[in-house]
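Good morning, and thank you for the time. I should like to take you through the sheet and then the nonpolar cores.

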Amino acid sequence: MSTDKTTSWAYCEAYATDDETAYRARERSLALRLDPVTPATAALLTVLAASSRPATVVEVGTGAGVSGLSLLRGMPSNSVLTTIDTDIRALRAARDTFREAGFETKRTRTISGAASLVLPRLTENSYDMVFLDADLANTAEYVIEGARLLRRGGMLIVNDALHQDRVSQPAHRDEDTVIMRDVVRTLRGEERLASTLLPTGTGVLLAVRR
C-alpha cells in the first residue's frame with residue numbers, strides 16, 4: 001500500500017466545490033480577514049448534518065457563515081442553528097449569507113459574545129451537534145463545554161484539528177499546536193466519546209457521545 005497520500009488528499013480536497021451563495025460568503029470572509037472552512041470541510045459538514053439529522057446545533061465561530069450555511073443545508077427543515085461569535089460584523093455577514101440561501105430567520109439564532117461565557121449558559125444534554133471553529137487558545141475549554149451540551153448520540157466536530165499539519169509533527173511546539181495536540185489526545189482517551197481524526201481541510205476531529 002502506498003504511504004504517500006499527497007495526491008489522494010489533493011484529489012479529495014478538489015472534489016468539493018462552492019456554489020454561488022457559498023462563494024459570496026467566502027468573499028465576505030476575505031473582506032473581514034476571516035479564514036473560513038475549506039470547500040471539502042464545508043461538504044463534510046453538510047454530509048454529517050444530513051446523515052445525523054440534528055434538530056439543534058451549536059456553532060462556535062460563526063465567521064461570515066460559510067460553515068453555518070453548510071450545516072443548515074444538511075439539517076432538517078425544522079431544525080435550529082445557534083451560532084456564537086464575538087465579531088458583530090461577522091454575525092451580520094453570516095445573517096446575509098443565510099438570508100441569501102433562503103433560510104428563514106427562525107432557523108438561526110446568532111449570539112454575540114465570548115463562547116467561554118455563552119456556552120456555560122446553554123442547557124446540558126440538549127444539543128445534537130456542536131461544531132467548534134474558533135480561537136485555538138480556548139479550544140480545550142470549548143470541547144469540555146461542547147461535550148456537556150450533547151445528548152447521547154450527539155456529535156462534536158472540531159475544525160483545524162491538525163492545525164496546518166503541525167499537530168502530527170512533534171518538532172512543532174508552539175502554543176496553539178500543543179493545545180490542539182492535547183485536545184486530540186484527550187478526546188481519544190475519553191471513554192464517553194467515540195472519536196476519529198480526518199485529514200479533511202486543516203483537520204477535522206469527530207466525536208460522538210456514547
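**Sheet and cores**

Let me begin at one pair of residues: Val58 stands opposite Val130 in β4. Please bear in mind throughout that this is a predicted model. The strands β1 and β4 run parallel and are joined by 4 bridges.

Stepping back, in what order do the 7 strands of the open sheet lie? The order is β3-β2-β1-β4-β5-β7-β6, and the pairing is mixed. At the edges stand β3 (108-112) and β6 (193-198); each has a single partner strand, so one side of each is left without a neighbour in the sheet. From one strand to the next, the twist averages 15°. Packed on this sheet is α8, which touches β5, β6 and β7. The direction of α8 makes about 140° with that of β6.

I turn now to the interior. The largest nonpolar core has 27 residues, and those touching the most other members are Val58, Val60, Ile84, Leu119, Leu132 and Leu156. Two or more residues each come from β1 (56-60), α6 (115-118), β4 (127-132), α7 (139-149), β5 (150-159), α8 (175-188) and β7 (204-209). Which element gives the most to this core? That is α8, with 4 residues.

Apart from this core lies another, of 24 residues, including Leu44, Val66, Ile157 and Val204.

Finally, consider Leu132. Neighbours within four places in sequence aside, Leu132 is in contact with Val60, Tyr142, Val143, Leu156, Ile157, Val158 and Asn159. Among these, Val60 and Leu156 were already named with Leu132 for touching the most other members of the largest core.

Note on methods: Residues are numbered from 1 along each chain as its sequence is written. This is a predicted model: local features need pLDDT of at least 70, side-chain atom pairs count only at pLDDT 80 or more; totals for chains, interfaces and linings use all residues. Side-chain values use heavy atoms; hydrogens and water are left out. A nonpolar core is a set of buried Ala, Val, Leu, Ile, Met, Phe, Trp, Tyr and Cys residues joined through side-chain atoms within 4.5 Å. Buried means under 20% relative accessible area, exposed over 50%, partly exposed in between (1.4 Å probe, protein chains only). Contact means heavy atoms within 4.5 Å. Two strands pair if DSSP finds at least two bridges between them. Axes are lines fitted to C-alpha atoms, for helices over the stretch in contact, and angles run from 0 to 180 degrees between N-to-C directions.
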